[in-house]
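Thanks for coming. Please have the sequence and the model open while I talk.

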Amino acid sequence: MQKNKVPAYEELSKPLKIFSYKWFKWGLVRIFLNTVGRLSKGIRIGFKYGFDSGTMLDYVYENKPQGLLFIGKLIDKGYLDGPGWSGIRQRKIHLKGILREVIENNRKINKSTVIMDVASGPGRYLIEIMQEHQRYNLEILCRDMDEQGLNLGRKLCSQLGIEHIKYERANAFSPEILKSAVPKPNVIVVSGLYELFTNDEIIKKSMTNIAAVLNSGDYFIFTNQPYHPQLELIARTLPNRLKEYWVMRLRPDNEVKSWAMAAGFKHLKTLLDSYSIFSVHLFQKP
Ligand SMILES: C[S@@+](CC[C@H](N)C(=O)[O-])C[C@H]1O[C@@H](n2cnc3c(N)ncnc32)[C@H](O)[C@@H]1O
C-alpha cells in the first residue's frame with residue numbers, strides 16, 4: 001500500500017500557532033467530533049474512556065455500527081471503517097493466528113499453555129481463543145491497569161460461560177508484579193501497549209523483565225506500529241485515556257525487533273496488516 005509522508009512525533013507534540021490554517025482546520029474537526037460526532041457510539045466511548053483504551057478497542061473489535069438516529073449510525077460506520085481501526089481488526093486476526101500456532105506447538109510436546117496479556121483490556125481476542133480451545137489444557141491471565149476494561153471482560157466471560165480466564169488489575173511495567181503472576185505464564189503477550197508509550201527505554205526494560213520471567217522454549221508476542229496515515233488527525237483531535245491528545249510515536253519494526261533480540265529472544269515470525277499500520281511479532285526464549 002502507498003504510504004503518505006507522516007509528521008514526526010516532536011512536531012505533533014508542539015501546540016499549533018494560533019490563527020494558523022491548521023489551528024482553524026483541526027479546531028473545526030474538534031468541534032464537529034464533540035457535537036455531531038457524539039451521535040456515534042464509538043466516538044462517545046472514545047471521549048469517555050480514551051480513544052486508546054481497552055474499552056474503545058473492544059467496541060472496534062465488535063465492529064457493529066451504533067449511534068443515535070440514522071446519521072449517528074452512519075458516522076459510526078465511517079469511524080469504524082477508518083484505516084487505523086480496520087488495521088486493528090487485522091492485527092487481532094494475526095494475533096489469534098499466532099496464538100493458535102503456539103498452542104498447537106505446545107500441544108505436540110504435551111505442554112499446557114498459559115497465556116498472559118499484560119495489558120489486555122477486556123481481552124475479547126483471548127476469550128475467542130479460549131472458546132476455540134475449551135478441550136485443551138489452556139489457561140489465560142488478563143491483566144490491565146483499568147478496572148473498566150477488566151470488568152467488561154469479566155462480564156463477557158460470565159455471559160458466554162467461559163472459565164479458566166482470570167482478570168486482575170496490575171501494572172505491566174513492574175518487574176515484581178510480572179513475577180507474581182499465578183498461574184505462571186509460558187506465553188506473554190504485549191499487544192497495543194508499547195505503542196502508547198513514547199519513551200523507548202520503558203519498552204526495552206519491559207522486554208528484559210519479560211525475558212527474565214520466561215523459561216527456555218516459552219514465547220513472547222508483541223505488537224508495534226510502524227506507520228499510521230491519520231497521525232495528525234489523531235494527535236490534534238482525539239484524547240487518550242489520560243485525557244491528553246493522543247500523539248503516537250511510530251517505530252520501525254527492525255528497531256523494536258532488535259530490542260527483543262537484545263533482551264535474549266529469538267525472532268520467529270512477523271505479520272503486518274494490509275495498511276502496513278500494525279505488526280505482530282512472535283519471539284521465543286532459546
Ligand atoms: C490499546 S489497549 C490493548 C488491549 C489488548 N491488549 C488488545 O490488544 O486487544 C491498551 C491497554 O493498555 C492498558 N494499559 C495502559 N498502561 C498500562 C500499564 N502500565 N499496565 C497495564 N495496562 C496498561 C490500557 O488500560 C488499555 O486497556
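I will go through the ligand site, then one helix, then two single residues.

This is a predicted model, in which local features need pLDDT of at least 70, side-chain atom pairs count only at pLDDT 80 or more, and totals for chains, interfaces and linings use all residues. Residues are numbered from 1 along each chain as its sequence is written, and side-chain values use heavy atoms, with hydrogens and water left out.

The ligand is surrounded by 23 residues, and the closest are Y61, A119, D144, A172 and S191. To be near the ligand, a residue must have a heavy atom within 4 Å of it. By class, this shell has 11 nonpolar, 6 polar and 6 charged residues; Gly is counted among the polar ones. Helix α4, residues 54–62, gives the most to the shell, with 3 residues. Helices here are DSSP runs of H or I, at least four residues, numbered from the N terminus.

Where does the ligand lie with respect to domain 1 and domain 2? Domain 1 (9–82) and domain 2 (85–284) both give residues to the shell, so the ligand lies between them. The domain bounds come from an automatic or database domain assignment.

Now some distances. A ligand oxygen is 2.6 Å from an N or O atom in the side chain of Y61. A ligand nitrogen is 2.7 Å from a polar backbone atom of A119. The protein covers 93% of the 600 Å² of accessible area that the ligand has on its own, an area from the Shrake-Rupley method with a 1.4 Å probe.

Next, helix α3, residues 41–49. Its buried residues include G42, I43 and F47, where buried means under 20% relative accessible area, using a 1.4 Å probe and protein chains only. Among the elements covering the buried residues of α3 are α2 (21–34) and α11. At the N-terminal end, S40 caps α3, with a side-chain oxygen 3.4 Å from the backbone nitrogen of G42. Just after α3, G50 has a positive phi of about 105 degrees.

That leaves the two single residues: is T237 buried or exposed? T237, in helix α11 (residues 231–237), has a relative accessible area of 2%, so T237 is buried. Leaving out residues up to four places away in sequence, T237 touches W26, V29, R30, L33, F47 and Y245; contact means heavy atoms within 4.5 Å.

K179 is in helix α9 (residues 175–179). Its relative accessibility is 61%, so K179 counts as exposed, the cut-off for that being over 50%.

Definitions and conventions:
Helices (H or I, at least four residues) and strands (E, at least two) are DSSP runs, numbered from the N terminus. A polar contact is a pair of N or O atoms within 3.5 Å; within protein, one must be able to donate a hydrogen and the other to accept it, and residues adjacent in sequence count only if both atoms are side-chain atoms.
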